[in-house]
Amino acid sequence: MKAEIDDLFLLVNPAASSQYDPVDDEKRAQAAKQERLRTAETLQIQEQAQVNEESLKNQGFIDTIIAKIINNFQVTVKNIHVRYEDNVSVPDHPFAAGITLSGFTITSVNEKWEKGFVPSTAGAIHKLAELHSFAIYFNTDAESIRGLPPQQSADKFRSLVEYHFGIDENPVNDHQFILRPITMNHTLDDKTPKFDVELDFEEIGFLLDNYQYRDVISMIDMYHFFLRNQQYRKIRPTEDHIAKMGKSKALWKFAREAVVGQVHEKHREWSWAHFAERRDDRRKYVRLYKQKLPGALKGPELKELDDLETKLSYEDLRFYRSIARAELRKDIQVRRKLEEEKRKEQEAKGGGGWFGWIRGTSHQASTDEILGVQMNDQRRKELFDALEYDEKAATAAAFEPPKNSLKARIKARLQKGSLALRSGPTQSSTEVMSIVFHDVRAKAIQRPTSLDALVSLGDLHVYDSTTPHSQYPEIVKIKSDDTPTVASIVHLPAMDEDESPNSLLMVKFEQSPLDERADNGLTVKLRPLEVVYHRGFVEALYNYFKPPETQMESVAALLDVASETLEGFRNATRAGLEHALQAHKTIDVQMDLQAPIIIVPEDVTNKSSVHLIIDAGHLAIGSDLVPKKDVQEIYSKRNQQYTEEDYRRLEALMYDRFSVKLSAAQFVLGNGLEACLNALKAEDEHGLHLLEKTNVEFSLHNSIVPTAVQLSKIK
């Protein structure tokens with residue numbers, strides 16, 4: 001089986017203002033609401049699906065079918081170009097933004113990753129995915145290709161797709177790339193885990209110039225204006241009204257209705273009549289939806305339900321449906337309980353015996369159902385043989401997988417990445433700032449009862465190009481090795497195969513670790529950085545991203561929306577954390593943080609000027625986990641009388657305990673960088689120290705029951 005997509009081109013332009021059509025707008029809003037409801041219902045059904053023996057058999061059967069399809073399925077995609085052109089946001093500076101993809105292929109390979117025919121008896125499935133020249137561009141002052149004849153338009157689209165296939169190349173020099181063209185090899189293998197994915201990127205580069213930033217801000221401003229216009233579109237006067245009433249009267253009436261309408265709506269939402277209406281709608285919808293779920297709703301009542309779904313908001317519908325489902329589940333449980341009691345009463349009265357046994361087994365089905373299809377033994381055997389599916393082995397594997405077996409593994413690596421800010425659209429324009437990072441790795445492993453995730457960063461450099469003749473062009477880098485560092489004072493796990501010993505940052509999270517030392521594990525390791533503070537660099541970045549005064553309102557509105565979304569996410573996260581605290585999920589924290597050295601020069605063009613160096617030292621945080629035997633000992637006395645010692649031990653168990661240690665923190669002030677660095681390395685007291693090497697060690701206890709008023713929350 002093979003799928004091919006070739007020459008897919010899409011051109012998008014901002015729509016011109018059109019006449020308001022309330023019927024069409026209402027249809028669009030209702031269609032969008034119903035689509036959101038269908039998506040939410042599908043996800044909820046999947047989450048609440050019950051796992052039993054029959055479902056496990058079906059799942060294993062489905063996995064076998066999917067494996068057969070994947071083994072014989074190949075995909076080829078060539079020349080994808082999606083382009084957005086805008087001459088409305090900035091009329092004097094039209095721009096074009098687009099995504100291009102030269103090629104994407106998924107092919108079957110053997111165990112040596114060589115392309116060719118793979119027989120069905122080869123064992124593990126191997127797939128090789130290749131991504132060629134994926135790029136994102138944002139061209140300022142761009143020429144439009146709208147209105148060209150179809151063939152000429154297709155040729156133009158194709159010529160703007162950059163690709164590099166061996167000696168066959170098509171570099172596009174006219175593009176202002178935000179994401180430079182990247183190529184990727186992506187391998188899939190289910191030999192060891194069920195799914196094994198590896199991603200390997202050689203280089204990813206992002207570039208943004210001030211012309212692109214200007215056009216993006218202008219597009220945001222236009223989008224904000226469009227949203228404001230949509231809000232009052234229903235009452236905005238048409239050209240006929242303006243011609244009939246006069247422009248001044250029509251606009252005055254529009255302004256008055258816009259303000260008074262909002263005031264009246266707020267008052268209506270807090271009226272008793274509105275509360276009574278919402279109560280009646282809720283009761284009616286819950287009653288009708290409970291009838292709809294089993295398919296018993298017909299005729300006028302179905303029309304009544306549709307009218308309510310048109311009237312109510314998406315949030316109300318989700319809430320009312322959850323109430324209806326809960327009530328329906330409760331009714332079903334009560335009915336089943338009554339039926340079970342009735343059956344037991346009939347059996348007690350003599351409803352069992354030989355005749356009852358005969359009636360109960362006389363209608364035994366001779367066929368089996370697979371994915372909703374009735375099959376006899378012969379057809380079932382033929383199907384399983386064709387798919388090479390062993391039902392018993394699949395069911396046993398689904399029920400009893402080893403705890404350390406691998407279900408899925410995803411590995412990704414980026415050898416080099418960069419982000420640059422440029423002062424102009426041309427190649428000769430100077431760079432304001434650039435960030436270069438190396439050897440970014442990520443890995444996630446899923447097991448039947450656990451999940452491990454690892455992210456590491458090999459190296460990081462930040463370059464400052466705002467000051468000519470600066471002695472500190474590299475303002476962020478890894479601290480030189482000649483400066484002594486404090487040895488690790490926390491227990492770190494063994495080195496992972498995907499972790500470089502010289503990585504700048506390593507973060508590892510474990511959910512339900514295999515060694516069962518805790519419910520979760522978090523390990524963080526950070527090498528020291530040298531950070532140079534330069535006021536001119538900070539001001540240059542501020543001026544670069546500062547929008548024009550005329551567009552500040554739009555940017556502020558966008559930030560308000562983003563902050564509201566973030567606040568909602570923060571509240572949801574807080575609720576989840578509070579629930580986790582109530583359930584008391586223990587976490588093993590091991591952090592080994594070499595804090596950065598902050599260098600503040602008086603003059604960045606002179607290394608002999610006065611320098612202030614802040615060395616925050618070495619911070620180590622480790623969990624002091626309570627031995628499980630102590631917990632079990634206290635738990636074993638739950639039905640016995642507690643002594644005072646037992647109460648003290650129980651109270652001690654109500655805290656998560658962490659050991660915190662800060663070592664070798666110091667401040668140095670002096671003339672010349674070398675003299676200050678030598679003072680940092682000195683073992684004895686030095687005259688340049690504002691704060692001599694300081695060590696702090698303490699224990700932090702956090703209550704796992706924050707609602708218990710008799711316990712200190714933090715001590």
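**Salt bridges, helices and a strand**

Arg28 and Asp24 form a salt bridge, with their closest N and O atoms 3.0 Å apart. The model that holds this pair is predicted. Both residues belong to helix α1, which covers residues 22–47. They sit four residues apart, about one turn of the helix. An α-helix has 3.6 residues a turn, so residues three or four places apart point the same way. The two partners differ in exposure class. Arg28 is exposed, because its relative accessible area of 57% is over the 50% cut-off. Asp24 has 30% relative accessibility, so it counts as partly exposed.

Stay on helix α1 for a moment. Glu26 lies there too. Its relative accessible area is 37%, which makes Glu26 partly exposed. The side chain of Glu26 makes a polar contact of 2.8 Å with the side chain of Gln30. Glu26 also has a partner for comparison far along the chain. Thr310 is 284 residues away in sequence, yet the C-alpha atoms of Glu26 and Thr310 are separated by 9.3 Å.

How many salt bridges does a search of the whole structure find? The count is 21. Another of them joins Arg158 and Asp155, at 3.1 Å from N to O. These two residues are in helix α3, residues 150–159. They are three residues apart, so about one helical turn separates them. Arg158 is partly exposed, at 29% relative accessibility. Asp155 is partly exposed as well, with a relative accessible area of 37%. The pair does not stand by itself. Asp7 is linked with Asp155 and Arg158 in a network of salt bridges.

A further salt bridge lies much later in the sequence. Arg441 pairs with Asp439, and their closest N and O atoms are 2.9 Å apart. Are these two residues buried or exposed? Arg441 is buried, and Asp439 is buried too. Contrast that with Arg28, which is exposed at 57% relative accessible area.

Next comes helix α6, residues 247–269. What span should its 23 residues have, at 1.5 Å a residue? The expected value is 33 Å. The C-alpha atoms at the two ends of α6 are 33 Å apart, so the model agrees with that expectation. The buried residues of this helix are Ala250, Phe254 and Ala258. Residues three or four places apart in an α-helix point the same way, because there are 3.6 residues a turn. The buried residues of α6 pack against α5, which covers 239–245.

Last, look at strand β19, residues 597–601. Which residues form its covered face? They are Ile597, Ile599 and Pro601. The uncovered face consists of Ile598 and Val600. Strand β19 pairs with two other strands, in opposite senses. Strand β17, residues 529–532, runs parallel to β19 and is joined to it by three bridges. In that pairing, Glu530 stands opposite Ile597. Strand β20, residues 610–615, is antiparallel to β19, and the pairing extends over five bridges. Here Ile598 of β19 stands opposite Ile614 of β20. Ile597, from the covered face, thus has its place opposite Glu530 in the pairing with β17.

How values were computed: Residues numbered from 1 in each chain as written. Predicted model: local features only at pLDDT ≥ 70, side-chain atom pairs only at ≥ 80, totals over all residues. Heavy atoms only, no water. Salt bridge = Lys/Arg side-chain N within 4 Å of Asp/Glu carboxyl O. Buried < 20%, exposed > 50% of the residue type's maximum accessible area, 1.4 Å probe, protein only. Expected span 1.5 Å × (residues − 1). Contact = heavy atoms within 4.5 Å. Polar contact = N/O pair within 3.5 Å; in protein donor to acceptor, adjacent residues only side chain to side chain. Pairing = 2+ DSSP bridges.
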